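Me: I would like a close look at a single part of this structure, described carefully and placed among its surroundings.

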Amino acid sequence: MTKEIIINATNEETRIAILEDSNLVELFVERPEYERMVGDIYKAKVSRVLPGMQAAFIDIGHEQNAFLHFSDVTESYQGHFADFDQDNGEKNQKKKKNCNVFDVAKKMKKNQDILVQIIKEPIGTKGCRVTTEVSLPGRFLVLIPSHNHIGISKKISNQKERKRLKNIARQILPPNFGLIIRTVAEGVNDKAIKSDLNTLIKSWQKIEKDIKEHPAPKLVYKDMAMASSIIRDLFSADVDKVVIDSRKLMHEIVSYLKYVAPKLAQKVSYYRSKNPIFDEFKIEREIEKMSESKVWLRNGGYLIIEPTEALVSIDVNSGKFIGKQDHENNSLKINLEAAREIARQARLRDLGGLIVIDFIDMNFEENKQKVYNELRREFNKDRSITKIEELSRFGLIEMTRQRVRPSVLRTINDSCPVCDGTGLVPTLNTSVARIERWIQRYRSSRGDRRITIRVPADLYNYMNQGRYNRRLKLMWKYWMKIKLVKDTSINIGEYKVFDRFNKSVINLEK
């Protein structure tokens, strides 16, 4: 499998696309007014403690308070502030990962200072989610203050290499720090690993200094910009190339790689063609399709993807597929192709929460198992945590997928101001009926029989169509003089009623 990272940088935004076998599988968009927040660390204040919800709201200086569930609180959460030694003398003892929720509810107080890190960005009306288990990611390591644990990525399968890396970590790790060794550390010498650790410890020392010097709420650590963090986290030996259309960004990334992974720097290249980079790699066309609910499969079938407030529903349809075999085998072929595309779309659109998939019905259990196994195999490529249940007796698969940032569709699109994101607008008949109901209310409360109604162009033409048109029928029915005015500033399905002089809007209490 070939893997490529394509970066397009403009004055307005930076877009990072990840391709697998030339297919777009992930898209990241960062703008100056919307910077990546996951990983940022704040000295914050407890705003409210809600024992009934087993959670607290934390003031980090944003418009919305952050949400801290007690399951995301570690026993060392008070250890960065002076009052900890007075209340609890166990600072140097080995800490458990999580506190008992009842202990947290008793100890956590309003206006108390607390150190938190963002683990999930704001989505919709919800604020960001935070944890007190602070960690600092580097190229090869993740530093976890106030822990004593050393972990190694499960993707490093060689036992000899795992033992080597763990021995290096034990030798260089200072007391009262935990460490996670990342996948890209495989085969890296101890000098590079130690250099990465020293950089992380210096960052932590700066954070501790800022904690002492600044009142809460205060941002004390800002993670890398999106493009740099993706290079840090995703650019490994299995990536074939990185192509960037910005010289400045390319030089920044190459300088970073020469410091942490010199062998990878030669895989970075500058895009010189006049043709837009996303057009050259056929990415722009895929981005345009992302907002469509219908997704065509290569074999002629298609998916319908409908995100809702509660869940994401995905329906698999046979579409144009005409198989040469029996119904069972035809259904299996469509479902297998659909499983591969569903996994790609989930990564690309960053679908999260509960996902329900309605596959085409199959009768044989072995075929159902094949579809389930294919779906799991494809989602194994996904960095987000997923849990997939087997097909139910109704032919549905229920699964969950972790999401830590708003869907990329919300980043590149706004809700339609006319339909308010529903995708529906009133028909012309409905609009005329609404006008008639307004006239009924008006006639029951007012005496003036002359009004002016401003309507959009399509409704104007519809109401004036024919010799005995709808406008005349309303005039005769309610014995009124109605003047219609075409107004291009009025949205579809809307109208405004003015008095006889066409100067002031008439408002009625409904």
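Please take helix H9, residues 327–349: how many of its residues are buried, and how far does the helix reach from its first C-alpha to its last?

Reply: In this predicted model, helix H9 spans residues 327–349, and its 23 residues reach 31 Å from the first C-alpha to the last, which is close to the 33 Å expected at 1.5 Å a residue. Of those 23 residues, 19 are buried, so H9 is largely enclosed by the rest of the structure. Directly after the helix comes Asp 350, whose phi is positive, near 55°.

One contact to this helix can be followed from the other side, starting at Glu 378, a residue of helix H10, which covers residues 365–379. Leaving aside residues up to four places away in sequence, Glu 378 touches Ala 339, Arg 340 and Ala 343, and these residue numbers fall within the range 327–349 of H9. An α-helix has 3.6 residues a turn, so residues three or four places apart point the same way. Glu 378 itself has a relative accessible area of 14%, and because buried means under 20%, this glutamate counts as buried.

For the wider setting, strand S12, residues 177–181, is also mostly covered, with four of its five residues buried. Strand S10, residues 141–145, runs antiparallel to S12 and is joined to it by five bridges, and within this pairing Leu 143 has Leu 179 as its bridge partner. Strand S11, residues 150–152, runs parallel to S12 and is joined to it by three bridges, with Ile 150 standing opposite Leu 179. Between S11 and S12 the chain passes through helix H3, residues 159–172, and the resulting β-α-β crossover is left-handed.

A further buried position is found in a loop, namely Met 37, which lies between strand S3 (23–30) and strand S4 (41–50). Its relative accessibility is 13%, and because the limit for buried is under 20%, Met 37 counts as buried. Not counting residues up to four places away in sequence, Met 37 touches His 62, Ile 118, Glu 121 and Pro 122. Met 37 and Lys 120 are 83 residues apart in sequence, yet their C-alpha atoms are 8.1 Å apart in space.

Terms used. Residues are numbered from 1 along each chain as its sequence is written. This is a predicted model: local features need pLDDT of at least 70, side-chain atom pairs count only at pLDDT 80 or more; totals for chains, interfaces and linings use all residues. Side-chain values use heavy atoms; hydrogens and water are left out. Helices (H or I, at least four residues) and strands (E, at least two) are DSSP runs, numbered from the N terminus. Buried means under 20% relative accessible area, exposed over 50%, partly exposed in between (1.4 Å probe, protein chains only). Contact means heavy atoms within 4.5 Å. The expected span of a helix is 1.5 Å times one less than its number of residues. Two strands pair if DSSP finds at least two bridges between them. A crossover is right-handed if, with the strands pointing away from the viewer, the path from the first strand over the helix to the second runs clockwise.
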